[in-house]
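Reader: I would like to go through this model with the criteria in hand, setting each value against its cut-off before accepting the term. Could we begin with the charged side chains?

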Amino acid sequence: MRLSPQRLMAAAALLVALCAGGAVHFALRAPVLGLRLAADTAEGLRVLEVAPDSPNQGRVAPGDVLRAALTPAGAIALDADLLVEEPDQLGTWARYNGFMARQSALAGLLAKGTLEVELAEGGRRTLTHRPRHLTELPVLFWWQVAVGAMGFLLAAGVLAFRVTDWPARHFTLSGLGFLLFSSAAAVYSTRELVLDGGLFLRLSSLNQYGALLFTGALAALLGCYPRRLGRRPVLPRVLYALTAVGYLAFFFQWAPDLSGLPAFVLGLFSTTFALAFVQWWGTRGRPAERAALKWFLLSIYLGTCLFAGFVLIPSALGVPLPASQGLMFAVFLFMFAGIALGITRYRLFELDRWWFQAWSWFLGGLAVILFDFALAAWLRLSQVGALGLSLALVGWVYFPLRQGVWSWWQRKASNDRENRFGQWMLALFSTTREDTLRAQWHAVLRGEFAPLELLETQGTAPGVRVAQDGLTLTVPALRPGHVVTLRHPARGSRLFRREDVTAAEVLVGMGRRALEAQREREQGALAERGRIMRDLHDDLGAKLLSLVYITSGGEGEQLARSAVRDMRDVLDALEAAPCSLAEAVADWRSEAQARADTVGFRLEWLTAEELPEGLAVSARQRTNVGRILREAITNAIKHARARHITVRVALGVDRLELSVEDDGAAGAGEPERWGPGVGTRVVQQRAADLGGSARWEQGARGCRVEVDVPLEGATPVALARAQ
């Protein structure tokens, strides 16, 4: 039965409550002498302070040195080993077992009521104890319990919503190990002096099992996250088997000494470096997985390397710990929070952005530690002197150098961005048509982000947004009701970041300003065009009409009427009113037929197919093609004295194909020998203005002119008129 997220989290909370309650129960079983003791390397344990409520007030005083506890079986030495925070740091099994035996003996004596001790300066004192109260549990105890609980709950929170994911399962097992070893350590590391040896041994074993489970589960997690290594889960099984072997080696004391245990943990952890390399290689070309892996590795190695440097390595080398083990548990809490963010892939594009900064911070702290150790070892300085000199070197050398490199990189990136934006602005503001501007804006987005895919679709976008863990960037399009989606930036090598959102917002604003400027130019051109149209219509039009009436009945009338017709064509073109292609063809045919009826030639008009009613042509296209047809007919009548003219109209692939063939005398010669005239140049120029071409060929009976004009700018009539 699959548990709901609520029930799973409730079960996790119950387990945390049981561990915390058990830790409190066992911590309260430690007897209280009311003494604050410190190791006196020469003779025993020195009394630093006697608490006001101590049952031993008046029996011992600060400065007394307790050398041994007296029993019927003999004296029990009281030395620094009894105050050790973590018994694993004792080095040899003999010291470890002797430690546990002395703890059992001392606890047994106190359980009987009193403990007789021998002072270093001579004399004996009888000590007694009292029960430990809940309010006396130190802050370090609650700290370790709370940190372990929070780490496990973070891992369980991921599992609650990803029950079937193996990475979430391994992560939860790692959190369980963290909960176990932190809860066990909280009990014995915060004792005053004595804890029952049997309980101490069980808690120490639980601590070791939790540490091994924590490490093995982390390695198993890296074996299947962000990509599963291998088809079968062989690697996790091997790692968990090594975890069991390590625990048995500790429990049965198979290792030569205790230093082998932290060495084994470090060896188990070192497998993560090899797995990290394999995962890094396998995530190339997968930016989302690479970003998750980067944050995952940062979380693991920041926490574990700090803990290893402050706890495991000193323990393996027999060096005193530079910081309390309980305090260092806090680094694991940061690790669990980071891994949780990585597995859930929460705002990966932000995590990827912080990755470099976090590593920079970590390396700065590591540099201080390394300088400190090196100066203390090589120059034989005191610890305080070595630390001060290392801080000076890092502050005066490392940090300025790092800041200088970072500032240079930032300036270079800023200059490159400014240069690119200048080029983008020039490209956008130099366009003259709205469709060209949209295409150029898409080219600018491709140039800035280098996405593997750019798609404009219908939809709404309130602003620039990063989606799909940084894989996509949605941008409001220049066309209303549309949105542009960019996927996989930098040719799929990274994720979109916050800086990309800012850059995209700048480009959106730049495109909109260019569109507004273009429309303002068009409005200005329309206003000027309207003024010219009014002048032509009111002034020149009136004079041409007067000329028609004055020259009525002669050749001048024909010329005047032709001028009026040309002026109307110019006005129609200036008005820029689109119409359907079928309407334009009908007008061309009507005009040609009127000329045939007037001049007296036979017109044969052929249309290859039915023209679509929804296809619009601009006034410029309509006027120029009409004039090309008019000039071709004029040339056939005037120069070739044609009596039969055939006009064919057809649609090609995004092109209008026009053919005018006559039966005139020009067909008797070779086309190469035909001399170009004003009319042919007019036809060629008007076709070129529309992006087309015109050519003359020898027809079946005379001359044939072939004209083709592109219709890329043609749009549906309703849309064209709406614009």
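Reader: What makes the contact between Arg95 and Asp81 a salt bridge?

Author: A salt bridge requires a side-chain nitrogen of Lys or Arg within 4 Å of a carboxyl oxygen of Asp or Glu. The side chains of Arg95 and Asp81 meet at 2.6 Å, N to O, so the pair satisfies that limit. This is a predicted model, in which local features need pLDDT of at least 70 and side-chain atom pairs count only at pLDDT 80 or more, while totals for chains, interfaces and linings use all residues. Residues are numbered from 1 along each chain as its sequence is written, and side-chain values use heavy atoms, with hydrogens and water left out.

Reader: Where in the chain do Arg95 and Asp81 lie?

Author: Arg95 belongs to helix H2 (residues 93–112), whereas Asp81 sits in the loop between strand E4 (74–77) and H2, so that the pair links distant parts of the chain, 14 residues apart. These element names refer to DSSP runs numbered from the N terminus, helices being H or I runs of at least four residues and strands E runs of at least two.

Reader: Why is Asp81 called buried, and why is Arg95 called partly exposed?

Author: Buried means under 20% relative accessible area, exposed means over 50%, and partly exposed covers what lies in between, with a 1.4 Å probe and protein chains only. Asp81, at 16%, therefore counts as buried, and Arg95, at 41%, falls in the partly exposed range.

Reader: What do Asp708 and Arg655 tie together?

Author: Asp708 and Arg655 form a salt bridge whose closest N and O atoms are 2.4 Å apart. Asp708 lies in strand E17 and Arg655 in strand E15, so the pair ties together parts that are 53 residues apart in sequence. Asp708 is buried at 15% relative accessibility, and Arg655 is partly exposed at 27%.

Reader: Which residues are joined into one network by salt bridges that share partners?

Author: Arg704 and Glu706 meet in a salt bridge at 2.9 Å, N to O, and both residues are buried. Shared partners join Arg648, Glu661, Arg695, Glu697, Arg704 and Glu706 into one network. The whole structure holds 16 salt bridges.

Reader: How do you know that strands E14 and E15 pair?

Author: Two strands pair if DSSP finds at least two bridges between them. Strand E14 (residues 644–651) and strand E15 (residues 655–662) are joined by 7 bridges and run antiparallel, so the criterion is met. In this pairing Ala650 stands opposite Glu657 in E15.

Reader: What is the strand order of the open sheet of 5 strands, and what makes its edge strands edge strands?

Author: The order is E12-E14-E15-E17-E16, with mixed pairing. Strand E12 (602–607) and strand E16 (693–698) are the edges, each pairing on one side only. Helix H17 (residues 581–599) packs on this sheet, touching E12, E14 and E15, and its direction makes about 165° with that of E12; touching, or contact, means heavy atoms within 4.5 Å. Such angles run from 0 to 180 degrees between N-to-C directions, the axes being lines fitted to C-alpha atoms, for helices over the stretch in contact.

Reader: Why does Gln279 count as buried, and what does its side chain reach?

Author: Gln279, in helix H7 (residues 260–282), has 0% relative accessibility and therefore counts as buried. Its side chain reaches the backbone oxygen of Arg227 at 2.6 Å. A polar contact is a pair of N or O atoms within 3.5 Å, of which, within protein, one must be able to donate a hydrogen and the other to accept it, and residues adjacent in sequence count only if both atoms are side-chain atoms; at 2.6 Å, the distance from Gln279 to Arg227 is therefore inside that limit.

Reader: Which residues have the most contacts inside the largest nonpolar core?

Author: A nonpolar core is a set of buried Ala, Val, Leu, Ile, Met, Phe, Trp, Tyr and Cys residues joined through side-chain atoms within 4.5 Å. The largest has 82 residues, and those with the most contacts inside it are Leu66, Phe141 and Phe332. Helix H4 (residues 166–188) gives the largest share, 9 residues. Apart from this core lies another, of 35 residues, including Phe601 and Ile633.
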